Each structure stands twice: as structure tokens, then as C-alpha cells.
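Student: Could we go through this structure together? I would like to begin with the ligand.

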Amino acid sequence: MSTTALTDPAPTTAAPPESGAALHPLWVRVMHWVNAAAMLAMILSGWQIYNAAPLFSFQFSPTLTLGGWLGGGLLWHFAAMWVLVINGVLYVILGFATGRFRRKLWPISFPAIVSDLSQAVRLRLSHDDLNRYNSVQKALYVGVLLVGVVTVGSGLAIWKPVQFHYLTALLGGYDTARYVHFAAMSAIVAFSAIHIALAALVPKALRAMILGR
Ligand code: HEM
């Protein structure tokens with residue numbers, strides 16, 4: 001992979017990137033869509049597993065589950081887990097190594113989030129410069145990455161509670177770790193619902209995440 005394929009245009013540039021420079025480099029786009037597919041498989045198979053021993057008084061509709069039965073759900077969950085974790089670890093390494101996280105997701109300030117949020121709810125937030133994420137986007141993207149870490153950590157704690165007993169204990173024991181895992185999944189589902197709705201509202205941002213420009 002060439003260096004230009006790994007780097008992003010500077011976020012301060014208001015004009016579209018020069019020809020040849022992708023708004024989202026190829027590695028970001030590939031990893032984003034691999035993550036979306038793996039995440040969908042994890043959520044639907046997770047709901048299948050949940051239905052075998054529900055934590056709450058409801059079950060997920062079988063049409064929203066993957067695997068057909070508990071064993072099938074577990075197989076899907078553990079298969080997609082490797083894709084999700086390997087893809088996620090590579091994304092975080094490249095995010096730091098290429099400076100993308102520093103350029104795109106930093107700095108984040110609470111007053112800026114409040115200000116952008118109030119503009120967003122009044123539909124006054126500008127999307128002219130796709131090179132820059134607004135503060136709400138930055139907070140959501142950093143937040144979902146951190147929730148992803150909690151999801152994987154609590155997943156490990158309930159998958160291998162003997163081998164990862166320190167992790168299981170840190171999360172309050174096996175039963176509490178199940179609630180943590182469920183809460184983290186719920187946060188990711190809530191993020192995805194908002195994220196997909198916003199992507200549908202700004203089609204040029206969606207096009208850029210597919211084609212790069
Ligand atoms: C059908 C599902 C999805 C669609 C249509 C979608 C769409 C998009 C779009 C259009 C962007 C670029 C936003 C911009 O340039 O303003 C983006 C970025 C991003 N999305 Fe998604 N997304 C989906 C699923 C997900 C999921 C499931 C996650 C994680 C749980 C996720 C996490 C992210 C992150 C972290 C970024 C920022 C990436 C970076 O700049 O390095 N997306 N998404």
C-alpha cells in the first residue's frame with residue numbers, strides 16, 4: 001500500500017481534496033464496511049443466543065436473529081468475532097499510525113459538542129466540508145470505539161470466565177458481565193440507528209465512504 005493511500009487530506013482544507021487524494025483512504029472504507037457487516041452478524045447472532053436464556057422479560061423476534069438455534073447462533077457469533085476483532089485492531093493501529101485519529105477525531109471539547117448538537121437539532125449544521133467531522137460526530141465515533149472495547153472485553157469475560165477470570169471479576173462477576181455486554185450491544189445498536197439515519201440524510205457523505213470522494 002502506498003503512503004498516499006494511507007494518509008488523509010488535512011482537515012482544515014475547506015475545498016474538496018485535490019484530484020487523486022481520497023476523502024476516506026481505501027483502508028478506512030474497506031475496514032468500515034467489513035466492520036458494519038461483522039457487527040450486523042454479531043448483533044443478530046447475539047440476539048439468537050440471548051433468546052436461549054433471556055436476561056429480561058422479552059425475546060427478540062426470530063426474524064431478527066441469525067443461526068436458527070442456540071448452537072447456530074454461537075457459531076455465527078464466534079466466527080464474526082474474529083473478523084470484528086482483527087479488523088478493529090488493525091483500524092485502531094492504522095488510525096494512530098497514520099495520524100487519522102489525531103486529524104479527524106481530535107480535539108473534542110464539551111462546549112463544541114453542545115454547540116454542534118444544538119445546531120444539529122435545528123438542522124443548521126453545515127455538511128459542506130466533508131473533510132472535517134463536527135464535534136457530535138467526533139464524540140459519537142470515539143464513543144462507539146470505546147463501547148466496542150467494552151463489548152469485546154465483556155464478551156471475553158462471559159465466553160472464557162475461567163481463563164479471563166480477572167476480567168470477569170473486574171466486571172462484577174459472570175452475571176453482571178452479561179448485563180454489561182447487553183448494555184454495550186444496546187449502545188452500539190442506538191449508535192447505528194442514529195448513524196445510518198444521518199448517513200441517509202447526507203448522501204454525499206455516504207458516497208464518500210463508498211467511493212472515497
Ligand atoms: C449500514 C450501516 C452503516 C452506514 C450506512 C454507515 C455510514 C457511514 C458514513 C457515511 C460515514 C462517513 C461520515 C462522514 O464522512 O461524515 C461513516 C463513518 C464511520 N462509521 Fe459508519 N456506517 C454504517 C455502520 C457503522 C457501524 C455498525 C459502525 C460501528 C459500530 C460504524 C462506525 C463508523 C465510524 C467509527 C466512522 C468514522 C470512520 C473514520 O473516519 O475513520 N459505522 N459511516
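Student: How far is the polar side-chain atom of Tyr-133 from an oxygen atom of the ligand?

Tutor: The two atoms are 2.5 Å apart. That falls within the limit for a polar contact, a pair of N or O atoms within 3.5 Å; within protein, one must be able to donate a hydrogen and the other to accept it, and residues adjacent in sequence count only if both atoms are side-chain atoms. Please note that this is a predicted model, in which local features need pLDDT of at least 70 and side-chain atom pairs count only at pLDDT 80 or more, while totals for chains, interfaces and linings use all residues. Residues are numbered from 1 along each chain as its sequence is written, and side-chain values use heavy atoms, with hydrogens and water left out.

Student: And what about Tyr-91 and Arg-100: how far are their side chains from a ligand oxygen?

Tutor: For Tyr-91, a side-chain N or O atom is 2.5 Å from an oxygen atom of the ligand. For Arg-100, the corresponding distance is 2.6 Å.

Student: How many residues surround the ligand?

Tutor: There are 21, and the closest are His-32, Tyr-91, Arg-100, Tyr-133 and His-195. A residue counts as near when one of its heavy atoms lies within 4 Å of the molecule.

Student: Which classes do the residues of that shell belong to?

Tutor: The shell has 14 nonpolar, six polar and one charged residues. Here Ala, Val, Leu, Ile, Met, Phe, Trp, Tyr, Cys and Pro are nonpolar, Asp, Glu, Lys and Arg are charged, and the others, Gly among them, are polar.

Student: Which helix gives the largest share?

Tutor: Helix H2 does, with six residues. Helices H2 (26-52), H6 (135-159), H8 (174-201) and H9 (203-211) each supply at least two residues of the shell. Helices (H or I, at least four residues) and strands (E, at least two) are DSSP runs, numbered from the N terminus.

Student: Changing topic, how many helices and strands does the protein have?

Tutor: It has nine helices and zero strands. UniProt, in an unreviewed entry, places the feature "domain: Cytochrome b561 bacterial/Ni-hydrogenase" at residues 24-210; such annotations may be inferred rather than shown by experiment. Over residues 24-210 the chain is 75% helix, and the end C-alpha atoms are 9 Å apart.

Student: How many aromatic pairs are there?

Tutor: The structure holds 16 aromatic pairs. Rings of Phe, Tyr and Trp (its six-membered ring) pair if their centres lie within 6.5 Å; planes under 30 degrees apart are stacked, over 60 edge-to-face and the rest tilted. Tyr-50 and Phe-182 form a tilted pair, with 5.3 Å from centre to centre and 40 degrees between the planes.

Student: Which parts does that pair tie together?

Tutor: Tyr-50 lies in helix H2 and Phe-182 in helix H8, so the pair links parts that are 132 residues apart in sequence.

Student: Are Tyr-50 and Phe-182 buried or exposed?

Tutor: Both are buried. Buried means under 20% relative accessible area, exposed over 50%, and partly exposed in between (1.4 Å probe, protein chains only). By contrast, Phe-56 and Phe-58 form a stacked pair, at 6.0 Å centre to centre and 5 degrees between the planes. Phe-56 is partly exposed at 37%, and Phe-58 is partly exposed at 36%.

Student: Which residues form the aromatic cluster?

Tutor: Trp-47, Tyr-50, Phe-56, Phe-58, Phe-60, Tyr-179 and Phe-182 form one cluster.
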